[in-house]
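Biologist: I'm new to this structure and would like a close look at one part of it. Could you take me through how the helices pack side by side, and then show me what else is worth finding around them?

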Amino acid sequence: MRLAVFIFLTVVYPFQLLRPESHREHMNYRDSVDVIRYSVHLTFRNLQDQKLEGFTVIHCIYPGGNQGTFAFDLAGLKVDSVASPVLKNVQFFQEGETIRGTFAGKLTPADTVTLIIYYQGTPLRDKRWGGFFFAGDEAFNYGIGMDAVPPNFGRVWFPCIDNFTDRATYTFHVTVPSGYTAVCNGTLCGIKESEPGYTTWVWEMKQPIPTYLASVAVGRYIRLEGSYQGLQRSIPWQIYCLPEDSLKTARSFQNLTRWMQIFETRFTPYAWDRIGYVIVPFNHGAMEHATNITLARNTVDGTTQFETLYAHELSHHWFGNLVTCASEADMWLNEGWASYCEAIVTEGLYGKQAFRDYVRKNQLEVLVATHVADGGYFPVYGIPHSLTYGSTVYDKGSLVVHNLRGYLGDSLFFDAVKKYLTRYAFRNCSVHEFEQFLSRETRTDLKSFFQFWVYGKGFNDLEIDSVRTSWQDGRWRVSVLINQRLRGTYIPQESVKTEIGVLDSLWKMHVYQVKWTGNPGLLSLDLPFRPLSIILDPDEKTADASVEETKIIEGGGDHFFRASYFSAFNHMSPDSAWVRAEQHFLPPSGRIQKQRNIRLSSERYWRISVVCSPYQNLTGRFFFTRSISEMPEGTTTDALVLLYRKDRRDSWQVLPAQLNGNEQEGFLETTPLRNGYYCIGVKR
Ligand SMILES: [Zn+2]
């Protein structure tokens with residue numbers, strides 16, 4: 001699921017942290033039963049009175065036997081009766097969000113039990129997000145209740161075992177007034193007039209899914225459809241929408257087959273019978289119901305601006321729906337991975353540059369906003385209940401997947417991911433199992449990576465402390481001392497792997513893989529050429545606490561490094577320049593020369609590397625904004641100064657700089673732009 005794109009910048013729920021975890025007491029009955037199949041029969045007499053009535057037939061077994069009791073989850077609906085074709089003397093009562101009952105006799109593990117539960121009422125919606133909705137003359141569910149414990153929200157429309165681990169197949173028989181369409185998971189296998197004025201739509205879901213992925217939507221829908229020629233077979237795709245939205249929908253989904261090709265090639269062949277979406281009148285967000293993805297109507301606008309949202313939900317058909325997180329604590333395996341699939345689909349559709357822009361933009365937003373939205377730094381694993389669907393799991397989670405890809409390299413990474421999706425298909429996986437599986441398959445010790453990026457919080461930042469270059473035996477010997485600094489944590493990554501980029505005189509970047517244990521790391525390289533510039537992670541394979549971007553600047557004007565909050569202005573020089581801007585989200589170290597009345601930014605500094613002709617005067621523009629809290633409340637922009645030092649060992653000195661902008665945002669401008677470190681200070 002996805003709430004909406006980047007909504008976390010404005011939504012904060014600090015009070016949620018206080019909510020107690022209270023689901024443990026319910027664990028027993030959910031673990032004792034294995035539901036094989038649900039047959040959900042629903043009738044909507046009309047779409048205005050917001051009521052449903054129906055019955056669900058539950059086929060289940062009790063692997064440990066049963067002494068004559070049963071219990072299922074059902075919230076907000078009233079049970080009228082419970083029947084069974086075999087069990088005698090069935091009694092029941094409802095208690096909170098549970099229906100409990102007894103019957104005469106005992107069951108062995110070999111017995112299959114059938115219970116028929118009749119119920120009706122107005123189904124619930126979650127206080128925060130998800131549940132069952134009636135809107136206009138449509139009805140639909142979102143299978144997660146963000147405020148609910150557990151968050152699985154099948155129980156608001158059928159009795160079930162509502163957790164991440166119990167998988168079952170489904171049939172749906174949904175009776176609606178004639179003229180309406182009912183869309184559920186799986187394949188449509190019949191439409192019949194069941195009584196005068198009513199039509200029953202019958203759907204069958206053959207692949208087993210957990211309850212939060214079950215879905216129904218009712219409306220006056222039409223169907224856009226076609227078939228996708230997949231890697232192994234032809235797969236039908238269907239999108240249900242209102243007739244007046246059909247043109248917009250077709251335009252927004254113009255790349256659907258390409259998303260499928262990208263995911264099937266990167267991951268495994270699509271495992272489901274249908275590719276399906278339904279567009280409903282919800283105000284924000286999407287939910288990855290298996291083969292029947294529900295999208296809010298305002299995200300289908302005839303453009304492709306929300307296509308990473310549609311692709312995110314589709315990618316859950318690998319991450320989440322096919323392999324499901326074993327518990328809320330493991331939600332990174334669903335949502336962090338689906339969020340990274342947004343970058344994967346961008347890479348497949350628009351190429352490497354667009355991919356880097358996507359990852360970098362997310363990285364910047366995580367560094368600026370995630371700890372604010374979530375109320376602190378958290379590991380992506382074992383998040384508090386209230387943050388299960390928060391920015392840490394989604395957005396930082398996406399960066400962690402990116403870093404894992406960088407750590408392993410593409411071929412090992414994608415090969416292992418394919419094996420994971422095959423091995424755990426239609427099963428659950430915990431983060432610990434995932435770590436073990438991946439380490440085994442890649443024959444790589446991932447302990448230190450997982451300790452830092454998955455079980456640990458915050459970020460590290462690799463920073464070149466100093467470089468020494470000497471000429472020896474016809475080669476250039478370069479020694480690089482690398483510091484690991486930390487943001488939001490006190491525990492460094494034990495063994496580090498990265499790449500060093502060395503620029504030669506033809507501006508070709510030579511890339512060397514390096515790894516070391518401990519902090520700092522001292523590395524040396526022997527080069528057959530004189531290095532013009534030395535940088536870390538030239539291909540941006542690790543999203544750490546610094547956001548960097550490299551450009552070759554040609555032509556006059558402003559060249560904006562969006563994620564580095566920096567731009568280089570070229571004064572009509574015919575020469576080109578090589579510029580790399582790194583924005584480090586760490587307080588600058590060191591002292592200020594002479595001036596005692598200036599406070600250095602507590603948030604960030606830049607490292608600028610520039611290679612250009614001696615006659616070329618580039619101007620550097622360093623951006624500030626109130627959302628980065630280096631300007632204390634009450635300060636005005638008059639108090640801002642730009643500071644510079646050539647080397648990390650030097651003191652900071654104030655540069656003459658011109659201020660542009662207003663009290664909220666702007667930039668400090670300096671000419672010429674030089675190699676070295678820059679930061680913003682505030683005059684006291
Ligand atoms: Zn999602």
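Modeller: Happy to. Let's start with a pair of helices: the axes of α6 and helix α7 (residues 391-408) come within 9 Å and cross at roughly 140°. That angle makes α6 oblique to α7. As for handedness, the α6 and α7 crossing is left-handed. If you want to find the contact on screen, pick out V359, N362, Q363, E365, V366, T370 and A373 on the α6 side. Facing them from α7 are S391, T392, D395, K396, S398, L399 and H402. Sorted by class, this contact of α6 with α7 has 4 nonpolar, 7 polar and 3 charged residues.

Keep in mind that all of this comes from a predicted model. The chain has a mean pLDDT of 93, and 96% of its residues reach 70 or more. One stretch to treat with care is residues 6-27, where pLDDT stays under 50. For that stretch the model has 20 contacts beyond four places in sequence. Where pLDDT is low, the predicted coordinates should not be read in detail.

Back to the helices. α6 has another partner, helix α5. Here α5 spans residues 332-350 and α6 spans residues 352-373, and the two pack at an angle of about 155° with their axes 7 Å apart. With that angle, α5 and α6 are therefore roughly antiparallel to each other. The crossing of α5 past α6 is right-handed. From α5, the contact draws on E342, A343, T346, E347 and Y350. From α6, it takes in K352, A354, F355, Y358 and V359. By class, the residues where α5 meets α6 split into 6 nonpolar, 1 polar and 3 charged. Notice V359 of α6: it belongs to the contact with α5, and it also belongs to the contact with α7.

Now for the strands, beginning with β39. Strand β39 covers residues 676-683 and pairs with strand β32 (residues 598-600) in the antiparallel sense over 3 bridges. To see one of the matched positions, look at R599, whose bridge partner in β39 is V682. Strand β33 (residues 605-611) also runs antiparallel to β39, joined to it by 3 bridges. There, W606 stands opposite Y678 of β39. Then comes strand β35 (residues 640-645), which is antiparallel to β39 and joined to it by 6 bridges. In this pairing L642 has I680 of β39 as its bridge partner.

Just ahead of β39 there is a detail in the backbone. P672 sits in the loop between β38 (665-670) and β39, and the peptide bond joining T671 and P672 is cis, with omega about -5°. Another cis bond runs from N519 to P520, with omega near 0°. You'll find P520 in the loop between β25 (509-517) and β26 (521-527).

Next, a couple of open sheets. One has 5 strands in the order β15-β16-β17-β19-β18, and its pairing is mixed. Its edge strands are β15 (222-229) and β18 (286-287), each of which pairs on one side only. Inside that order, strand β17 (residues 275-280) and strand β19 (residues 293-296) pair in the parallel sense over 4 bridges. I279 makes a handy marker here, with L295 as its bridge partner in β19.

The other open sheet has 3 strands in the order β3-β6-β5, with antiparallel pairing. β3 (69-73) and β5 are the edge strands, each pairing on one side only. From one strand to the next, the twist averages 20°. β5 pairs with strand β6 (residues 98-104) in the antiparallel sense over 6 bridges. Q94 is a good place to check this, as its bridge partner in β6 is I99. While you're there, look for N89, which lies in strand β5 (residues 88-95). N89 is not a glycine, yet it has a positive phi of about 55°.

If you'd like one place to return to, make it α6: α5 packs against α6 roughly antiparallel, while α6 is oblique to α7.

Technical notes:
Residues numbered from 1 in each chain as written. Predicted model: local features only at pLDDT ≥ 70, side-chain atom pairs only at ≥ 80, totals over all residues. Axes fitted to C-alpha atoms, helices over the stretch in contact; angles between N-to-C directions. Parallel < 35°, antiparallel > 145°, perpendicular 65-115°, else oblique. Left-handed = near helix turned anticlockwise from the far one by under 90°. Contact = placed C-beta atoms within 7 Å. Nonpolar A, V, L, I, M, F, W, Y, C, P; charged D, E, K, R; others polar. pLDDT = per-residue confidence, 0-100. Pairing = 2+ DSSP bridges.
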